[in-house]
Amino acid sequence: MSQTTAQAGRINVRGLTITLGEQAQAFQAVQDLDCQIEPGEFVCILGPSGCGKSTLLGALAGHLHSHTGQLEVDGQTVSGPSPQRGMVFQHHTLLPWRSVRDNVAFGLKMHGQSKAERNAAAERMLALVGLQDFAGRWPDQLSGGMQQRVEIARVLINHPRLLLMDEPFGALDALTRLKMQELLLDIWTRIRTTVVFVTHDIDEALFLADRILIMSPRPGRFIEDLRLDFARPRHTSLVTSAQFSRLKRHCLELLSHEEGQPLPRLNPLGLPLDNPFENSQPRFAL
Ligand code: ADP
Ligand code: MG
């Protein structure tokens, strides 16, 4: 896809510690983080609730709290928000009184493009997320999954170097979530922007990522940098493979150990029965 080619998106984090809260209530949300993410990588940040995932992602987006250490994108210190670092949250931020097309085109208004140019760009983005026939609808006429697709289009219209995603499919039902994961991988294959995707769902991280950065409970530290070499394109059959199960167990053991919890219960096939860290629904009933 030519319209959303990201030229870079290298992240360099060194000794990053972020402090939240004031005075006596101040605490370290994340501690001494180091990582280098290469342009075009798909990285998941996996960790239990409250470990500082959103705080870290917010910092990458430029929503900065008191911090020490280095936070750079393409060699530039992050000092505030930028359309070059687009964020997708669990709940969409679409304006209900604007059409889908206008919501997607909205970000281009500041760039001095004509309405016709903005609309044409919005329609290309909607085609990218498979919603070309819904440009004239209102956001509340769409399903939750479709709203998140519009949200992704709204962010991608700015050709971001980084796509930052904070549990973007966390509010969707299991089947829609699975379809959204496949759609996201398909889009990413075409645009190859760097993606940093936060999740507490081990299956989701294993299915999507090139690399998983696993975090400890608060204050969040990186406890593992797990590289995945599952072939792409990925299919849902991946989650039943022996290698997937092995890595899932590895992630569970790592996180259980950090949480001080007993090892997860396994079914007769040796697969974990549940995710002990969250009240999230397992992707597949085992
Ligand atoms: P995660 O996304 O991994 O669930 P967060 O980054 O949202 O974790 O939060 C890390 C910790 O900081 C949590 O314990 C949360 O309650 C707390 N927290 C988040 N934002 C603030 C804030 N603005 N002020 C004080 N505490 C906060
Ligand atoms: Mg969060």
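How far does a backbone N or O atom of Gly 52 lie from an oxygen atom of ligand 1? The distance is 3.0 Å, which fits the cut-off for a polar contact, a pair of N or O atoms within 3.5 Å. Before we go on, please note that this is a predicted model, in which local features need pLDDT of at least 70, side-chain atom pairs count only at pLDDT 80 or more, and totals for chains, interfaces and linings use all residues. Residues are numbered from 1 along each chain as its sequence is written, chains are lettered from A and ligands numbered from 1 in the order in which they are written, and side-chain values use heavy atoms, with hydrogens and water left out.

Let us stay with the ligand. An oxygen atom of ligand 1 is also 3.2 Å from a polar backbone atom of Cys 51, and an N or O atom in the side chain of Ser 54 is 2.8 Å from an oxygen atom of ligand 1. Taken alone, ligand 1 exposes 560 Å², and the protein buries 60% of that (accessible areas by the Shrake-Rupley method with a 1.4 Å probe). The residues around ligand 1, each with a heavy atom within 4 Å of it, include Leu 20, Phe 27, Lys 53, Thr 55 and Arg 218. By class, the shell divides into four nonpolar, five polar and two charged residues, with Gly counted as polar and Cys and Pro as nonpolar. Helix H1 (residues 53-61) gives the most to this shell, with three residues; helices here are DSSP runs of H or I with at least four residues, and strands are runs of E with at least two.

Now to the helix packing. Two packed helices are described by the angle between their axes and the distance between the axes. Helix H3 (residues 115-128) and helix H4 (residues 144-156) pack at about 130 degrees, with their axes 9 Å apart, on a scale that runs from 0 to 180 degrees between N-to-C directions. H3 and H4 are therefore oblique to each other (under 35 degrees counts as roughly parallel, over 145 as roughly antiparallel, 65 to 115 as roughly perpendicular and the rest as oblique). H4 also packs with helix H5 (residues 174-191), at about 20 degrees and with axes 11 Å apart. That angle makes H4 roughly parallel to H5.

Finally, look at the backbone. Most residues other than glycine have a negative phi, and most peptide bonds are trans. A cis peptide bond joins Arg 218 and Pro 219, with omega about -5 degrees, and Pro 219 sits in the loop between strand E9 (211-215) and strand E10 (222-227). The bond from Arg 232 to Pro 233 is cis as well, with omega near 0 degrees.

How values were computed
Polar contact = N/O pair within 3.5 Å; in protein donor to acceptor, adjacent residues only side chain to side chain.
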